[in-house]
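Morning, everyone. I'd like a few minutes to walk you through one model, so let me put it up on the screen.

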Amino acid sequence: MAEQDIALMAHLMRRAGFGATYEELEARAAKGYEATVEELLHPETQPAIQDDILMRYQPQWVSKAGLEGQQEEWTYRMINTKRPLEEKIALFWHHIFCTGHAKCEYPKQQNIELDMFRTLGFGNFEELLMGLSTDPAMVFYLDNCMSHKDAINENWGRELLELFSLGVGMDGNANYSEDDVKEAARAFTGWTVTNSIPRYPYGKYEAAFIYDPSDHDYGEKTFLGETGNFNGEDIVKIVARQPAAARFVARHMYNFFVADEPQVPAWQNTPPRDPEAIKMLEDEYFRSGYDIRSMLRVLFNSDFFKNAQFEKVKSPTETVVGTMRLVGDFDMPRPGLNAMTLTIRYMGQDLLNPPTVEGWHTGREWIDSGTLVERINFTADAVGNTSHRGVQAIINRLGAQGDTISSEQLVDGCLQLLGHYQLADVTRNELVALADSEGELRTGSDEFGTRVGQMLQSIVATTEYLFE
Amino acid sequence: MVLAQRISHVQLQYSHTIGRGEQFGPGFTYPIHMARGEDDLMYVLCRSSEYRPEGTRVTVCTVDEEYVNAFARGVPQQGPHEYNFEDGSLVWPVNVAIASNGNVYVSDEWLHRISMFTRDGEYIGKWDENVGSGDGQLDRPAGVAIDADDNVWVVDGNNHRVQKFTPDGQFLMKFGSYGSGDGELDSPWGIDIDNQGNIYIADWRNDRIQKFSAEGRFLMKFGSSGSGDGEFNRPADVAVDQDGIIYVADWLNDRLQYFDPDGNFCGEKTGEATVSKWGKDKLDANPEMWDERERAPGLERERDFWAPTGVAVDELNRVFVCEGPRNRIQVFQKQALTFMGPRL
């Protein structure tokens, strides 16, 4: 099998999932690229995680009462799922449609939202926005339950347009006006949630979305140039057919799955990094009737995607989950899961609890002096642990090359088995020199595994390994 | 006209609810199982979670909800691979049982450990931790029950079998193997022993209850997958009263089912919880929550069971159902038979 096929598969699995072992990459490459894309786009064809076993050994995952427990559960799912794009699409929409634990204070409610992303997140964008508009966590998080016919709260109406569907502007023009925000807010009056049962003494209960017709503003509204007695559903329909909605989804997809883009607030005046790619995705948005799965199919099968290897800085979640999948750790629930999961927070991404409704700033903004140290320490600890199944597999493959391997073979072999990582020549030469300084490497020697582990640690400490 | 109504010959009447969510003192943190001790004491095993290890403990209280003490704390882990599993601590505690001398046995399915404490919570010791599948070795021990001779029966979850030990952990016998045939088990969880010495096992992943003789001979099974009468969705625990009535914590069906000694369905309870004494104390200290309760629609949901994992029945025919996610135990009283006879 051509190594370039495996390298391309590694790229696909990093972006449409959280990476894969070399053995999985070989199997998927044999199956074929487009066939793998289809499998990823249809997660229902793969087995689900056995929830009963998870909940037996991690019973707090039944109640989902605490933030850290829910972060553990989601991280565990991302590590162990056979449906990687299902979790990746949930993460994608969570990056955009943020709700935060700091306000919601009930992770089970946010998990209901994640489940919506896992299902509607592949489907029609208009239906997804409707799901979001009626999601109790979001209704509460953005205060639509505090918006009334005689006293609107603009928060939901504003963020629906600014952060969830259109963006402030594109091609130098604004996508909506302040009046549009107010009219949208009027249309969504009466969209609220039930009062909650207090957490004491027996814990929280799920809230339910309700429409209160007595609190709805039935007056005429003018929104994005259209006039009528609009309700929230009408607003969503109008939004979904805007060119700006296509641009919004396309740029977010590009930023998340292809290559780092400027952050959302800059999109009004900063053109896309690859306008042709964005145009392809916009066209597919309208051709398919706003279908997310169709857009993803175009994206993953495109040349612009295939040529964008290592153009993205990994998010903390991708870093931790990808490392765990690679080394084969936490393939069953066990103590230490909490500590492992917390490293995602320490790297700057507190899942289910983003800093603001704008979510996390991605790309190079993930990296600062503190988070960089967290990344390197975590990944180096993991790949340097030669007891891990995935690390053992790398050692065994390299050891099968002969009685001795050269320094070049060690460096290039590790890069290949990590998923065809690429280093700048100067970096690679330094690692070869490092291996040379340790002397001849005999595959049957006691030190072989340790030296492979040390080389893996050196690679994951490079700048290049920050990217995917 | 005579109204004829079929009534089950087993009637459970709701008594009261015990508990509230609390990491320390009066209250529970995910009560996964319990055992009744002497003097109306209850030993409630709180599983809690890795991120709140201080809540992992055995809480001792009375059936009337008087707090006594707590022992055997969980301990925080230091990192993904840095553990602290000192003797007497708990990591994944799953079951508790009490011997005739009052000693308390706790199984821990992460440590593969059986720990022993006095009735007052003083740590006595632990059995040898021999992880494996050989005789006397354990792999994820779950249910624990103690027979009339004080021998300890342990459900050996990952080995899909049951083992019998002396009180200090010496292997005596075993039965069961992986499978779904008669006498075979799939990831069994809870256990109880009737007054004839027969063994009842919550055959968790087979969605059924199996009954064995004290010699480990298969006697009976009932239940299948589903949510109808007599069907189960991962039954977690089983308890048998003095009349042979069998109570099952039907975990993912969020209910208690009960059966006659032959395994015939008698009835179910889906929960009738009310505000406990400790709960009332908490609400009285946060009076705005009383108001919030008044405003909240669907407060009747508070009655319902949520994922019960433990069921126990005592000599007074009181049935205790542990609901981890709700941090409480609902108590029911089995009623006398409708017609006691012998004369009209």
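I'll go through the interface between the chains, and then some strands in chain B. Bear in mind throughout that this is a predicted model.

Okay, the interface. On the chain A side, 44 residues are in contact with chain B, and on the chain B side there are 53 residues touching chain A. Put those together and about 4,000 Å² gets buried between the two chains, with carbon and sulfur atoms giving 61% of that. Which three residues of chain A supply more of its buried area than any other three? They're R56(A), Y202(A) and P335(A), and they supply 23% of what chain A buries against chain B.

Now the charged and polar side of things. We get 2 salt bridges between chain A and chain B. One I'd like you to find is D52(A) with R205(B), where the closest N and O atoms are 2.8 Å apart. As for polar contacts, 15 residue pairs across the two chains count, both partners at pLDDT 80 or more.

So where on chain A does this side come from? Four helices each supply at least two residues: helix 4 at 51–57, helix 5 at 60–63, helix 6 at 67–80, and then helix 20 at 337–346. Helix 4 gives the most, with 5 residues. If you sort the whole chain A side by class, you get 20 nonpolar residues, 14 polar and 10 charged.

Let's switch to chain B and its strands. There's an open sheet here made of 4 strands, and the order reads 1-26-25-24, with antiparallel pairing. Why do strand 1 and strand 24 each have one side without a neighbour in the sheet? Strand 1, at 12–18, and strand 24, at 308–313, stand at the edges with a single partner strand each, so one side of each is left free of a neighbour. From one strand to the next, the twist averages 20°.

Zoom in on that edge for a second. Strand 24 runs antiparallel to strand 25, residues 318–323, and 5 bridges join them. If you want a specific pair to click on, V313(B) has V319(B) in strand 25 as its bridge partner.

Last stop, also in chain B: strand 22, residues 255–259, and strand 23, residues 265–269, pair antiparallel over 4 bridges. F259(B) stands opposite F265(B) there. The two strands form a hairpin with 5 residues between them, and in the turn you'll find G263(B) with a positive phi of about 90°.

That's my tour, thanks.

Methods. Residues numbered from 1 in each chain as written. Chains lettered and ligands numbered in written order. Predicted model: local features only at pLDDT ≥ 70, side-chain atom pairs only at ≥ 80, totals over all residues. Heavy atoms only, no water. Contact = heavy atoms within 4.5 Å. Buried area = accessible area lost by both parts, 1.4 Å probe. Salt bridge = Lys/Arg side-chain N within 4 Å of Asp/Glu carboxyl O. Polar contact = N/O pair within 3.5 Å; in protein donor to acceptor, adjacent residues only side chain to side chain. Nonpolar A, V, L, I, M, F, W, Y, C, P; charged D, E, K, R; others polar. Pairing = 2+ DSSP bridges. Axes fitted to C-alpha atoms, helices over the stretch in contact; angles between N-to-C directions.
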